[in-house]
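Colleague: Before I use any of these terms in my own notes, I would like to hear the reasoning behind them. Could we go through the model together, one claim after another?

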Amino acid sequence: MNLPKILICSCLTFSSLAAWGIDVMEFNCKRSEKGYTEEYEMKLMLASGAQKAKMYLDGRDLDQSDALGSQVVKSITLARPNILILIEAKFAPEEVMGVSYPAGTVTTNITLDPVTGKFKKVEKIQGGILGATIGNGTHTSEETCVLSKLPYKTK
């Protein structure tokens with residue numbers, strides 16, 4: 001990370017992003033688990049006017065819905081120095097390879113410190129195929145996300 005990005009991140013830590021007129025932040029993120037590493041781009045768009053908060057991973061909108069379930073970014077909140085993100089997913093009952101799974105839910109709470117890059121994800125899994133394969137309950141993981149562009153305002 002270069003000096004200008006560090007300075008802007010530090011300034012943003014002590015002031016409201018809305019006051020700066022910023023509503024888009026882009027990050028390069030890295031997830032590592034069991035010897036496997038994945039890199040992805042994350043874009044956060046803050047709520048403004050009638051537009052709800054949005055989150056994109058590698059250009060894919062996380063607000064998704066189909067016959068098998070739905071996923072919704074409920075909120076993106078600036079709580080200095082962190083960004084708090086709440087995502088809720090609901091899955092319909094399904095059958096996979098002859099095994100039936102009940103309906104399930106996943107509630108994801110993310111805390112991101114844009115200055116340090118610390119990204120902590122806490123997922124509460126209840127039922128569904130994820131509950132059966134990963135286990136019901138709370139699962140915590142950490143990743144790293146660094147600003148890829150200076151925060152900016154759309155339009």
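Modeller: Gladly, and please keep in mind that this is a predicted model. The secondary structure of the chain consists of three helices and twelve strands, and buried residues account for 33% of its 155 residues.

Colleague: How do you know how far the prediction can be trusted, and what is the mean pLDDT of the chain?

Modeller: The mean pLDDT is 86, and 85% of the residues reach 70 or more. Over residues 1–20, however, the pLDDT is below 50, although this stretch has 34 contacts in the model beyond near neighbours in sequence. Where pLDDT is low, the predicted coordinates should not be read in detail.

Colleague: Why is the link of C29 and C145 called a disulfide?

Modeller: The term asks for two cysteine sulfur atoms within 2.5 Å, and the sulfur atoms of C29 and C145 are 2.2 Å apart, so the pair qualifies as a disulfide. The structure holds one disulfide, and with 115 degrees about the S-S bond this link is right-handed.

Colleague: What makes you say that the pair ties together parts that are apart in sequence?

Modeller: C29 lies in strand β1, residues 24–33, whereas C145 lies in strand β12, so the disulfide joins parts that are 116 residues apart in sequence. Both cysteines are buried.

Colleague: How do you know that β1 and β12 pair with each other?

Modeller: Two strands count as paired if there are at least two bridges between them, and β1 and β12 have four bridges, in the antiparallel sense, so they meet that condition. Within this pairing, F27 stands opposite L147 in β12.

Colleague: Which other strand pairs with β1, and what lies between the two?

Modeller: Strand β2, residues 36–45, pairs with β1 in the antiparallel sense over ten bridges, with S32 standing opposite T37 in β2. β1 and β2 form a hairpin with two residues between them, and K34 in the turn has a positive phi of about 50 degrees.

Colleague: Why is E143 called buried?

Modeller: The word is used for a relative accessible area under 20%, and E143 has a value of 5%, so E143 is buried. E143 is found in strand β12, which covers residues 137–147.

Colleague: What makes the approach of E143 to R31 a polar contact?

Modeller: The distance between the N or O atoms must be within 3.5 Å, and the side chains of E143 and R31 make their polar contact at 3.0 Å, so the distance satisfies that cut-off. Leaving aside neighbours within four places in sequence, E143 is in contact with several residues, including K30, R31, Y40 and F119.

Colleague: Which strand pairs with β12 over eight bridges?

Modeller: That is β11, and the sense is antiparallel; in this pairing V122 stands opposite T140 in β12. β11, residues 118–127, also pairs with strand β10, residues 104–112, in the antiparallel sense over nine bridges, and there the bridge partner of T107 is K124.

Colleague: Where does a positive phi appear in the hairpin of β10 and β11?

Modeller: It appears at G117 in the turn, with a value of about 85 degrees, and this hairpin has five residues between its two strands.

Note on methods:
Residues numbered from 1 in each chain as written. Predicted model: local features only at pLDDT ≥ 70, side-chain atom pairs only at ≥ 80, totals over all residues. Heavy atoms only, no water. Buried < 20%, exposed > 50% of the residue type's maximum accessible area, 1.4 Å probe, protein only. Polar contact = N/O pair within 3.5 Å; in protein donor to acceptor, adjacent residues only side chain to side chain. Contact = heavy atoms within 4.5 Å. pLDDT = per-residue confidence, 0-100.
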